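This report describes a two-chain model, with attention to helix geometry, burial and the contact between the chains. Please consult the sequence and the structure shown here alongside the text.

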Amino acid sequence: MKLLTGKIIPIIALGLLFAGHYIGLFIAPTERMMGDVYRIIYTHVPAAWICLIAYTLTFFASVYYLFRNKMGADIFAEASAEIGVMFNAILLITGSIWGKPTWGVWWTWDPRLTTAAIMFFAFIGYLALRRFINDPERRATWGSVVAILAFIDLPLVWYSVKWWNSLHQLQSTPQTVDAAMVTPLRISAFAFLFLYIWMVQVRYQIGVKRLEQEQALPNPIAQGEQS
Amino acid sequence: MIEGGWSFVWSAFGISWITLLGYGLYLFFTASALNNESEEEQT
């Protein structure tokens, strides 16, 4: 299992990333309206999908922690959220770069963009909160509550283009997009998914080690009470 | 049709690759440092 996550998964991820992005950049046809600028889709959309998956798993791990009190669930929630924030940053930056040539602006307070930015800052807040609480149990409980609250924004991000008059286009489906464009999109999405699996596994191990080190340290409050 | 635009495409891909690489290296070196620390504690 360790061999799978340690070496094979990152190799598969990098292979898929190279293939997906190469086909997307050089082989996929040019889009009729947007020209070559549309090729940003091959990094923007997979980042969006994996970001939403990462935050959803953080949500489920947080709910699981609150019900079962397993520290492993909390460590996983933090790991997944941190990687989600990284993909969220890619999503926002690439979206902004795509917006300039197509909409004429780097940023606009459109419902989709605004809810995606709120999601980013909500999970940054979740990660920041965890740094301020020293007690692992309290940190896990408060972190779980904040993660669940932050997750409320996810359906708003997904449905914002349907519910409100958004500048952002509706979600495309394989039926509405040329097959030559869908294939590199799927390959790139699987590349990001494998990268997520590798990163979350490594980040989880880091979280376990940090918790072990924390628990090995003498508790300063308890020491103060004894003296 | 929007003409050109390759500079936007390369910027978007470049930032994505740098972000992924940067975070990947951060994870790799942090995990390596923690492993070394725990090995030193054991010896």
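Helix α3(A) is largely enclosed by the rest of the structure, because 25 of its 33 residues are buried. A residue is termed buried if 20 or more other C-beta atoms lie within 10 Å of its own, exposed if 12 or fewer, and partly exposed in between, with C-beta atoms placed from the backbone. Helices are DSSP runs of H or I with at least four residues, strands are runs of E with at least two, and both are numbered from the N terminus. The model is predicted: local features need a pLDDT of at least 70 and side-chain atom pairs count only at pLDDT 80 or more, whereas totals for chains, interfaces and linings use all residues. Residues are numbered from 1 along each chain as its sequence is written, and chains are lettered from A and ligands numbered from 1 in the order in which they are written.

The lengths of two helices of chain A were compared with an expected span, defined as 1.5 Å times one less than the number of residues.

| Helix | Residues | Expected span | End C-alpha distance |
|---|---|---|---|
| α3(A) | 71–103 (33 residues) | 48 Å | 46 Å |
| α5(A) | 136–151 (16 residues) | 22 Å | 22 Å |

The end distance agrees with the expected span for α3(A), and likewise for α5(A). After α3(A) comes Gly104(A), with a positive phi near 90°. In α5(A), the buried residues are Ala140(A), Gly143(A), Ser144(A), Val146(A), Ala147(A), Ala150(A) and Phe151(A). Their cover includes α2, α3, α4 (111–132) and α6 (153–163) of chain A.

Chain B has one helix and zero strands. Its C-alpha atoms fill a box of roughly 65 × 10 × 5 Å along the principal axes, and buried residues account for 21% of its 43 residues.

The contact between the chains involves 29 residues from chain A and 21 residues from chain B, where two residues are in contact if their C-beta atoms, placed from the backbone, lie within 7 Å. On the side of chain A that touches chain B, the elements giving two or more residues are α2 (41–68), α3 and α7 (179–216). Of these, α3(A) gives the most, with ten residues. This side of chain A comprises 16 nonpolar, seven polar and six charged residues; Ala, Val, Leu, Ile, Met, Phe, Trp, Tyr, Cys and Pro count as nonpolar, Asp, Glu, Lys and Arg as charged, and the others, Gly among them, as polar.

Ala12(B) lies in helix α1 (residues 6–42) of chain B. Ala12(B) counts as buried because it has 25 C-beta neighbours inside 10 Å. Neighbours within four places in sequence aside, Ala12(B) contacts Ile40(A), Thr43(A), His44(A), Thr94(A), Ile97(A) and Trp98(A). Where α2(A) meets α1(B), Thr43(A), His44(A) and Ala47(A) face Ala12(B), Phe13(B) and Ser16(B). By class, that contact has three nonpolar, three polar and no charged residues.

Confidence is expressed as pLDDT, the predictor's confidence in each residue from 0 to 100. Chain A has a mean pLDDT of 90, with 93% of its residues at 70 or more. Among the elements of chain A, α2(A) has the highest mean pLDDT (97) and α8(A) (residues 220–226) the lowest (53). Where pLDDT is low, the predicted coordinates should not be read in detail. Chain B averages 89, and 100% of its residues score at least 70. The model scores ipTM 0.91 and pTM 0.91.
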